[in-house]
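The following exercises concern the reading of one protein model. Each task is followed by a solution in steps.

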Amino acid sequence: MVACPHCHTGAGRFGRRPGMMRLEPYLRLLDEIGDYLLLIEVFNWGEPLLHPELPAIVAAASARGIATRVNTNLSVAMTADDAERLVASGLTDLFVSVDGATQEVYERYRVGGDLGRVVENCRALAAAKRRLGTTLPRLTLQFLQFPCNVGEGDAVRRLAESLDMRLLAFRGAVPDPAWGEDAGWPPWFLSHAPRPCPFLWGQPVLTVDGNLAPCRGVFQSFDDFTPYAGDFRAAWNHERFQVARGLFRRRTGTPDERRLPCDACPTTTFYESWRRHRDGGGTRKTFVPGVPLNANNAWNYFWTRGQQPAPL
Ligand code: SF4
């Protein structure tokens, strides 16, 4: 088992009952809204390759023409048959987390992981693709830069090249809101127009408990918005979703409503800062956000919230 220290699960926090996605609510949701889905991300706060039914979960989406993506540490036992089953599922993208090109650097973050095994598994998947004559899944090495591996980017790039894999590199999140402010990684708002949170309108998140959560940042089950009981329209328009969406128009609400994770989330407060600026006649060029917004401070928000006890 890999215990990544900046993952709630890896850090041993359990904001919800540990478990695996059950097929039944997933397939029901697919029946309801599958015609409208473009992509399903089959992971959240866990290791998806530990799920024995992962190929079936992916295959159900593939059969509907929906793209799928799995993020994994891939430091798991995998036979040639396992690799072939995953490839045969029609999976579109597999992102493999590798944060160091030597075991010594790699395991600073992927604690308990085995880089040799990860590399072997990458080769097994590439071989399975050749046997099955398919170009999918696209195989990508994902490098997260942390303080413990700052100088490792080039070595991981060479590793990706040797495995004939694409490389995706970005800044990992650490429990320090100042991390990376001066490192030359552009702030999120320079490449994206400020906008209301995309999760609340277009990216439903089904949890292993069978609930709809507001987004994948939320970790504790008490922050989920509503159970999904086979009526997506009702769940998606549940009062909590309506209140959360309303926060992008006005910043009022009852104390209960203000306890929703969206109320103090950097996505909401950043947009509020932009809206005030825009409504005062400002433009993107003149916008100096009162609140920073990047992956790290959004993650810090959820990390801190993840340490709070359930409200009474
Ligand atoms: S908590 Fe933040 S990121 Fe999550 S749905 Fe609400 S506004 Fe969006």
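**Exercise 1. Classify the two partners of an intrahelical salt bridge and explain their spacing.**

Step 1. R157 is partly exposed, because its relative accessibility is 34%; the classes are buried (under 20% relative accessible area), exposed (over 50%) and partly exposed in between, with a 1.4 Å probe and protein chains only. The model is a predicted one, in which local features need pLDDT of at least 70 and side-chain atom pairs count only at pLDDT 80 or more, while totals for chains, interfaces and linings use all residues. Residues are numbered from 1 along each chain as its sequence is written, and side-chain values use heavy atoms, with hydrogens and water left out.

Step 2. D154 is likewise assigned to the partly exposed class, because its relative accessibility is 46%.

Step 3. The side chains of R157 and D154 form a salt bridge with an N to O distance of 3.3 Å. The criterion is a side-chain nitrogen of Lys or Arg within 4 Å of a carboxyl oxygen of Asp or Glu.

Step 4. The two residues are three residues apart in helix 6, so about one helical turn separates them. An α-helix has 3.6 residues a turn, so residues three or four places apart point the same way. Helices (H or I, at least four residues) and strands (E, at least two) are DSSP runs, numbered from the N terminus.

**Exercise 2. Describe the five-stranded sheet and the helices placed against it.**

Step 1. The sheet is open, has five strands in the order 1-2-3-4-5, and its pairing is parallel. Two strands pair if DSSP finds at least two bridges between them.

Step 2. Strand 1 (39-41) and strand 5 (166-171) are the edge strands, each pairing on one side only. From one strand to the next, the twist averages 25°. Axes are lines fitted to C-alpha atoms, for helices over the stretch in contact, and angles run from 0 to 180 degrees between N-to-C directions.

Step 3. Strand 4 (residues 138-145) runs parallel to strand 5, and six bridges join them. Within this pair, F143 stands opposite A169 of strand 5.

Step 4. Helix 5 (residues 115-132) packs on the sheet and touches strand 3 (93-97) and strand 4, its direction making about 155° with that of strand 4. Contact means heavy atoms within 4.5 Å. Helix 6 (residues 153-162) lies across strand 4 and strand 5, at about 170° to strand 4.

**Exercise 3. Describe the three-stranded sheet and the setting of T207.**

Step 1. An open sheet of three strands has the order 6-7-8 with antiparallel pairing. Strand 6 and strand 8 are at the edges with a single partner strand each, so one side of each has no neighbour in the sheet.

Step 2. Two bridges connect strand 7 and strand 8 in the antiparallel sense, and N211 stands opposite P227 in strand 8.

Step 3. T207 is located in the loop between strand 6 (205-206) and strand 7 (211-213). T207 is classed as buried because its relative accessibility is 7%.

Step 4. Apart from neighbours within four places in sequence, the contacts of T207 are R16, M21, A213 and D224.

**Exercise 4. Which residue forms a salt bridge with E41, and where does each partner lie?**

Step 1. The search of the whole structure yields 22 salt bridges.

Step 2. E41 is paired with R216, the closest N and O atoms being 2.3 Å apart. The pair links distant parts of the chain: E41 lies in strand 1 and R216 in the loop between strand 7 and strand 8 (226-227), 175 residues apart.

Step 3. Both partners are to be classified: R216 is partly exposed because its relative accessibility is 35%, and E41 is partly exposed because its value is 29%.

**Exercise 5. In helix 10, which residues are buried, and what covers them?**

Step 1. Helix 10 spans residues 239-246, and its buried residues include F241, V243, A244, R245 and G246.

Step 2. The cover over these residues includes helix 8 (198-202), strand 7, strand 8, helix 9 (232-236) and helix 11 (255-258).
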